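Q: Please walk me through this structure, one feature at a time. For each one, I would like the general idea and then the case at hand.

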Amino acid sequence: MAGQGRTTRRRAAGRGRTPARGTVRRRAAASLLGCLLVASGCSAPTATDAATGAIEHTLDQRADALLDRDESGYLAAVDPAADALLAAERRTYRNLVDVPVRSWEYEVRDVERSGMHATARVELRYRMEDYDSAPVTSARTMELTERDGRWYVTADRPGEGGVQQLWQQGAVDVVHGRRSLILGVGQDNDRLREIAAAADRAVPAVDEAWPGEWSGRVVVLVPESVESMAGLLGATTTSYRGIAAVTTGETRQQEGSSPADRVIVNPDAYSILGDFGRRVVLTHETTHVATRADTSKATPMWLSEGFSDWVAYRDTSPVDGQAAPELERSLRGGNLPAALPEDGDFAFDAKADELARAYEGGRLACELIAERWGESKLTDFYRAVGEHEKREGAVEDAMNEVLSVTPDEFGGLWRDYMRERLR
């Protein structure tokens with residue numbers, strides 16, 4: 001039998017429980033008493049509803065124990081007969097204990113109960129101290145069993161769309177930069193400090209180019225291998241083997257909202273880059289973090305990726321021929337793109353030269369706007385596109401309102417700009 005679960009939230013570290021929860025329970029009790037007194041036909045809670053409340057209580061205690069750094073309390077939520085799970089959760093707790101978590105909560109979405117066993121669909125939500133203004137979310141599926149009136153966790157795995165967490169891959173080393181937090185597994189501390197220094201340089205570069213509000217800080221995850229990176233992204237290893245870093249996070253779902261982002265470094269690909277390449281990569285990814293609240297489903301990838309690349313290259317002075325080498329080859333071969341890149345052109349499994357042309361084309365489009373209309377118009381254009389609820393008409397309207405051109409006119413200007421820029 002499926003039952004709709006309630007939502008449970010946990011306190012931030014060092015804070016008391018929210019009074020709203022107790023208030024709701026007292027009101028619910030009063031309402032039930034009133035129903036009994038007037039015999040109005042109110043029904044008793046179902047078995048699944050009762051189980052949901054008890055499961056919430058178990059997970060509430062688990063979350064509190066984690067924030068209080070109480071290992072025994074954290075493990076008390078696990079079925080004492082589940083030896084393998086107890087060992088795994090003990091490792092996870094110890095891997096996580098040094099990570100500066102500020103809040104940790106479980107939201108029980110629904111529960112399916114069968115006798116003494118239940119399966120709960122849960123959303124894990126957590127924030128890092130001083131870095132996250134919104135939570136990271138991850139879907140979890142938990143199996144539980146009831147013993148002596150209490151529910152215990154017997155399995156905890158990623159739910160639909162959920163992924164591994166870094167601390168499930170090994171002991172997490174923590175490096176604090178001036179404006180960055182670096183979390184690494186299986187990495188040398190010197191490498192983590194080098195990444196922190198690069199991230200600390202990226203943040204002010206993004207601040208200078210992007211006038212929008214954002215946290216001004218970045219969290220970078222450095223897994224042990226590209227295989228581990230794929231686990232954090234819920235993807236295949238081949239999708240990211242040649243990619244130096246990616247940024248997680250969803251586009252905003254409503255005005256003024258955006259989830260917390262994480263920059264995830266591929267240690268294999270990142271390590272072969274020189275200082276310039278590493279700076280470009282981290283500045284590009286940090287730009288995605290900064291612009292997330294103004295990026296929506298209406299934003300085409302040529303604009304989101306092109307803008308991030310434009311910021312990354314903004315303070316560089318590449319000589320002609322190095323600005324966009326793949327597009328320069330296309331120009332020499334008489335095959336200059338006829339239109340701005342499509343979203344599919346940015347697929348990580350695309351051929352390397354095709355992927356490079358897509359990024360270069362988007363960057364030069366943003367560079368054109370910055371040079372012809374001004375940098376403030378470029379950021380205005382980015383925001384205007386993202387304000388639309390859907391893709392259709394978003395670019396057209398923003399070009400008309402901000403740049404006073406049609407898409408066809410802009411396409412012609414872009415091709416002329418590439419010929420002039422790359423000749």
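A: Let us start with N95, which sits in helix α4 (residues 83-96). Helices (H or I, at least four residues) and strands (E, at least two) are DSSP runs, numbered from the N terminus. This is a predicted model, in which local features need pLDDT of at least 70 and side-chain atom pairs count only at pLDDT 80 or more, while totals for chains, interfaces and linings use all residues. Residues are numbered from 1 along each chain as its sequence is written, and side-chain values use heavy atoms, with hydrogens and water left out.

Q: Is N95 buried or exposed?

A: Buried means under 20% relative accessible area, exposed over 50%, and partly exposed in between (1.4 Å probe, protein chains only). N95 counts as buried because its relative accessibility is 14%.

Q: What does N95 touch, leaving aside its neighbours within four places in sequence?

A: Contact means heavy atoms within 4.5 Å. By that rule N95 meets W167, G170, A171 and V172. With G170 there is also a polar contact: the side chain of N95 reaches the backbone oxygen of G170 at 3.3 Å. For a polar contact we want a pair of N or O atoms within 3.5 Å; within protein, one must be able to donate a hydrogen and the other to accept it, and residues adjacent in sequence count only if both atoms are side-chain atoms.

Q: How many helices and strands does the protein chain have?

A: The chain has 14 helices and 10 strands. Of its 423 residues, 51% are buried. Take the contacts between residues at least 6 apart in sequence: 66% of them join residues at least 24 apart.

Q: Which residues touch the most other members of the largest nonpolar core?

A: In soluble globular proteins, nonpolar side chains tend to be buried together. A nonpolar core is a set of buried Ala, Val, Leu, Ile, Met, Phe, Trp, Tyr and Cys residues joined through side-chain atoms within 4.5 Å. Here the largest one holds 112 residues, and W104, M128, L183, V220, W302, F381 and F410 touch the most other members. Take W302 as an example: beyond four places in sequence, its contacts include F307, L340, F346, F381 and M399.

Q: Which residues far along the chain are worth looking at together?

A: Try V218, in strand β8 (residues 218-222). V218 and V289 are 71 residues apart along the chain, yet their C-alpha atoms are separated by 7.4 Å. V218 is buried, with a relative accessible area of 2%. Among its contacts beyond four places in sequence are Y131, L181, V263, T286 and V289. A second case is D309 in helix α9 (residues 301-313). D309 and C366 are 57 residues apart in sequence and 8.9 Å apart in space, C-alpha to C-alpha. With a relative accessible area of 10%, D309 is buried, and D309 touches H284, Y359 and R363, not counting residues up to four places away.

Q: How do I read the packing of α11 against α14?

A: Two packed helices are described by the angle between their axes and the distance between the axes. Axes are lines fitted to C-alpha atoms, for helices over the stretch in contact, and angles run from 0 to 180 degrees between N-to-C directions. The axes of α11 and α14 come within 10 Å and cross at roughly 100°. That makes α11 roughly perpendicular to α14; the label covers 65 to 115 degrees, with under 35 roughly parallel, over 145 roughly antiparallel and the rest oblique. Residues in this contact include L364, A365 and L368 of α11 and F410, L413 and W414 of α14.

Q: Where does α10 fit in?

A: In α10 (residues 325-332), E326, L327, E328 and S330 are buried. Their cover includes α11 (352-372) and α14 (407-422). The axes of α10 and α14 come within 10 Å and cross at roughly 100°, which means α10 is roughly perpendicular to α14. L327, E328 and L331 in α10 meet M418, R419 and L422 in α14. Just after α10, G334 takes a positive phi of about 75°.

Q: Which residues other than glycine have a positive phi?

A: R69, with phi near 55°, is one of them; R69 lies in the loop between α2 (47-67) and α3 (71-75) and is partly exposed at 33%. D130 is another, with phi near 70°. D130 belongs to the loop between β3 (117-128) and β4 (136-147) and, at 56% relative accessibility, counts as exposed.
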